[in-house]
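Open the model in a viewer and follow the stops below in order. Each stop names a selection and then says what is there.

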Amino acid sequence: KRLNVKSDHIILGSEACHCPSTGYAGGDINVAWYRAERYAHTILSDLAAGSNGWVEWNLVLDTEGGPNHLGNMCDGPILAAPHRAEGSTSIRTEMGYDLPPFEEHDHPFGPIIGDLRTREELDALGFPAKYLDKGVVVQPLYFYMGHISRHVRPGSKAIMALVEQSDGKGKIFRPEGQNFAGGGINDLARNGIELTTWPCEGSTRQQFKITADMKLQVFGHDWLGKPTTSCLANQIDTSFEGLVMMPCEINRDTQDEPRPSGEPLPAILEVISTASKSDTVYLRLTNAKTAPEERCLTLTPPRNGGGAYGPRGGGQVTIGNCKSPAAEWTMTEDGEITSAFFSEGDLANEVCITTGWPFLQVGAFDTPNGSKKNTVVVLNEAAIAANYALKDGDDLILTASIPAHSIQTINLN
């Protein structure tokens, strides 16, 4: 009902894919792994939000991501590489292989780096040799998606599941006594990434700095390790309907060049103490284009109630009324910006402003056609392992650990 979908209709993600080109062609297993993580995150989030499934848009492609009549090469879980098969007569040169006719030699992304690597090198990087010998490149995308599609079978339904901040003292990625945010470098500290609210995990994705000129800034790096820094924008993004990050400086060819109408600027904040609590503040955007009393950073709960994540999973950060309880924030010495809007007096229910989404995520499902009655998928995008306890209400089911950059599936009754 919250999605305005009729009871006899379904919601289907129609084009699950990742572009441009392929992880094999790029030759960087880290990028291929990031793509797999992002893919799994997207599918789990869609299912939690109410989607009934997804269409794998590119089931099998060639090693460069085609063939494609538009030339926009994309990635896929499985790539056809007949020239890598045992007994192939293709000749390997310094430029790669003498490729079969269906592959282009002059595709726009440069040489196919995977073709320049030996069988043993690719196997060590995570492209299994036993499949290469059959002429097939099996990528991390395949294994990540298998953790979902093999177990969350047709007829399954997403059920309430959310990663809480901690079951004991400290937080998931910042245990008690640690005075810095954990989880590794924030790879979502980039322009265009939306700000949301999630349970506080003590990670760099929830760490912010107010600069000397009162901008809200984040630091990190992109998939290729290039350092990034972004600042909060001063107006709502029309696509996300919330606030996103943008460049901290607007550079123009000349100082006299006019700024296009409607173009956002980095937000300039004013920190104002609230009258309700001594440690809470309003964060007013002095250069927003709304009335002064409507310029405060505000938590907006998800329209669909958060789906299977509940209201604390993925609320939007917007601009709203400064007198609203949703505009009250606490700024910690660790760089967190927290809200007690959902807490009802329980600090364990606080949420933190987050760049994009948290490192540690979970999806839970009723799976009547699976091997067990329930399936839980745990995804860790952090650069360090995370210990967790799986609970059904107050009942402890199991305790476990998930390694850095990995995915786990738990089937249980």
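The model is predicted. Begin with the second largest cavity, which has a volume of about 40 Å³. To show its lining, select Leu44, Ala48, Ala158, Ile159, Ala161, Ala308, Tyr309, Val362, Gly363, Ala364 and Phe365. By class, ten of these lining residues are nonpolar, one is polar and none is charged. H2, E8 and E21 each supply at least two residues of this lining, and the largest share, four residues, comes from E21.

**The sheet beside this cavity's lining elements**

Next, select strands E8, E21, E22 and E25, which form an open sheet in the order E8-E21-E22-E25 with antiparallel pairing. Strand E8 (157-159) and strand E25 (406-412) are the edge strands, each pairing on one side only. From one strand to the next, the twist averages 25°.

Now restrict the selection to residues 360-366 (strand E21) and residues 374-380 (strand E22), an antiparallel pair joined by seven bridges. For one of the bridge partners, pick Gln361 and then Leu379, its partner in E22.

**Helices on the sheet**

Add residues 29-49, helix H2, which lies across E8, E21, E22 and E25. H2 runs at about 135° to E22. Then add residues 140-149, helix H5, which lies across E22 and E25. The angle of H5 to E25 is about 20°.

**The largest cavity**

How many cavities of 30 Å³ or more are counted? The count is two. The largest cavity has a volume of about 90 Å³. Its lining is made up of 13 residues, and those nearest its centre are Leu162, Val163, Trp198, Pro358 and Leu360; select these five to find the place. E9 and E21 are the elements that give two or more residues to this lining. E21 gives the most, with three residues. By class, the lining has ten nonpolar residues, one polar and two charged.

**The largest pocket**

Select Leu162, Glu164, Ala389, Leu390 and Lys391, which lie nearest the centre of the largest pocket. Leu162 has thus appeared at two stops, as it is also among the residues nearest the centre of the largest cavity. The pocket holds about 990 Å³ of space and is lined by 35 residues. Extend the selection to E21, E22 and strand E23 (386-392), the elements that give two or more residues to the lining. Which element gives the largest share of this lining? E23 does, with six residues. Coloured by class, the lining shows 18 nonpolar, ten polar and seven charged residues.

**The second largest pocket**

For the last stop, select Ala49, Pro302, Asn304, Gly314 and Gln316, the closest to the centre of the second largest pocket among the 22 residues that line it. About 710 Å³ of space lies in this pocket. H2 and strand E9 (195-199) each supply at least two residues of the lining. With four residues, H2 provides the largest share. The lining divides into eight nonpolar, ten polar and four charged residues.

To finish, keep H2 selected and bring back the earlier stops. H2 lies across the four strands of the sheet, supplies at least two residues to the lining of the second largest cavity and gives the largest share of the lining of the second largest pocket.

Notes
Residues numbered from 1 in each chain as written. Predicted model: local features only at pLDDT ≥ 70, side-chain atom pairs only at ≥ 80, totals over all residues. Heavy atoms only, no water. Pairing = 2+ DSSP bridges. Axes fitted to C-alpha atoms, helices over the stretch in contact; angles between N-to-C directions. Contact = heavy atoms within 4.5 Å. 1 Å grid on protein atoms, 1.4 Å probe; cavity = no way out; pocket = protein on both sides within 12 Å on 5 of 7 lines; lining within 4 Å. Points joined across faces, edges and corners; volume = space filled by probe spheres on them. Nonpolar A, V, L, I, M, F, W, Y, C, P; charged D, E, K, R; others polar.
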